[in-house]
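Student: I have a model open beside its sequence, and I would like to work through how its parts fit together. Could we go step by step?

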Amino acid sequence: MARRGGVESVLAVLTLLVGLLAPSIQQVQSIGVCYGTHGDNLPAPGDVVQLYQSNHIDAMRIYLPNDTILHALRGTNIAVIVDAPDVRSLASDDATNASSSAAQAWVQANVQPYYPDVNIKYIAVGNEVEGDDRHKILPAMNNIRDALSAAGLGGHIKVSTSVKMNVIASSPLPSKGAFAEPSVMGPIVKFLASNGSPLLANVYPYYAYMHNDHMDANFTLFLPSSMTMDDNGLTYTNLFDAMVDSIYSAMEKEGGPDVPVVVSETGWPSADGRGASKDNAMVYNQNLISHVGKGTPKRPVALEVYMFAMFDENQKTGDHIEKHFGLFNPDKSSVYCINFSGTSDYSCPQSQRSMGLASRPVYYAMVIVCLNLVLLFWPANRL
């Protein structure tokens, strides 16, 4: 009886530990990766799609409706954001002949031949649109929505636009978040609310860090930091959450309290900039994967996130840093190891792995199961 009582006591403690650890195993969230093609040395689309599948990446963003990419996606069930970048054209319409509208032509050419074999989830009408074209976004979104409805796809594919963080006016606290141009973003938010669509937002803590010498890198990398922020009873331990919640606050002020945010781009460069290294990029992206299943302090539900980007792209223009956001090299090897699935089953060599936050809960659970088995069969005279 002594052995039985001792074993049962230990097992009770271990069961309690499993219960405490179980909540740390994150909700199932969608982790996607943006697939840019500004490179002259990138793999064929079919190979890229296989790379997504072998790494358990279940969503993709493409910046143009490329026929070869969309064909390679048939039957994979990978969720896809397809960009429709030409807001000027899509905002125009021939009132006398709806069938001749640019939006209907776009849907007929780039959606109908593929859906539902390709799991097109969102149409991003414009990406980080600036200047006078900002006023074209909403008419273009309306036209794409109407074209999808005319094709019988209105209830299946959501229409949105992808914005960068400068749409939010500078604010010291997430709760004070407001749009810099409410005359532009207010009607867009109302469109999203009435159509059940999310706002797509490109969220880069890295750029805030790059341009601010006083910013603690840990606060941007999801690591312990002295830069925690208290806001109306909510505590912010990282910049990513503060940025996303400032968008939620801004949408609340424009009548869209229930509009979700989908992070359509986020990432960290591995070279050519302040704090840009493979180590920091790995830490940011792995901790991001682990973190977003918990949501944000303001909206504690799993976030849908698209990491930027699948490959280093040697033909990207602008700052050199733009060429170094890739998770994979053109030969399909990893730039650094990332565990997309949150399990111990991933392909990076053991010597290159980081015991990141995403893999720890599974690791701990396996250890506890093994301890249970050991205690069950341990000789009686040892207890």
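Tutor: The questions below take up the barrel, the helices on it and the nonpolar cores of this predicted model.

Student: In what order do the eight strands close into a barrel?

Tutor: The pairing around the barrel is parallel, and the twist from one strand to the next averages 25°. Followed round until it closes, the barrel has the order β1-β2-β3-β4-β5-β6-β9-β10.

Student: Which residue of β9 is the bridge partner of N202?

Tutor: It helps to come to N202 from strand β5, residues 158-164, which runs parallel to strand β6, residues 199-202, and is joined to it by three bridges. In that pairing, K164 has N202 of β6 as its bridge partner. On the β9 side, β6 pairs in the parallel sense over four bridges, and there the partner of N202 is E265.

Student: Is β9 largely enclosed or open to the outside?

Tutor: The burial of its residues decides this, with buried taken as under 20% relative accessible area. Six of the six residues of β9 are buried, so the strand can be described, with respect to the rest of the structure, as largely enclosed.

Student: What is the handedness of the β-α-β unit made by β9, α11 and β10?

Tutor: The two strands of this unit, β9 and β10, pair in the parallel sense over three bridges, with V263 partnered by V305 in β10. Helix α11, residues 278-291, lies across β1, β9 and β10, and runs at about 160° to β10. The β-α-β unit formed by β9, α11 and β10 is right-handed.

Student: What angle does the direction of helix α6 make with that of β5?

Tutor: Helix α6, residues 137-150, packs on the sheet, where it touches both β4, residues 120-127, and β5. Its direction, taken against that of β5, makes an angle of about 155°.

Student: Which helix gives the largest share of the largest nonpolar core?

Tutor: This core has 96 residues, and those touching the most other members are I123, I144, F240 and F340. Leaving aside neighbours within four places in sequence, I123 is in contact with residues including V82, W106, I144 and L148. The largest share of the core, nine residues, comes from residues 239-253, which form helix α10.

Student: How many residues are in the second, separate core?

Tutor: Nonpolar side chains in soluble globular proteins tend to be buried together. Among the members of this second core are A59, L200, V262 and F325, and its size in residues is 13.

Methods. Residues numbered from 1 in each chain as written. Predicted model: local features only at pLDDT ≥ 70, side-chain atom pairs only at ≥ 80, totals over all residues. Heavy atoms only, no water. Pairing = 2+ DSSP bridges. Axes fitted to C-alpha atoms, helices over the stretch in contact; angles between N-to-C directions. Contact = heavy atoms within 4.5 Å. Core = buried A, V, L, I, M, F, W, Y, C linked by side-chain atoms within 4.5 Å. Buried < 20%, exposed > 50% of the residue type's maximum accessible area, 1.4 Å probe, protein only. Right-handed = clockwise from strand over helix to strand, strands pointing away.
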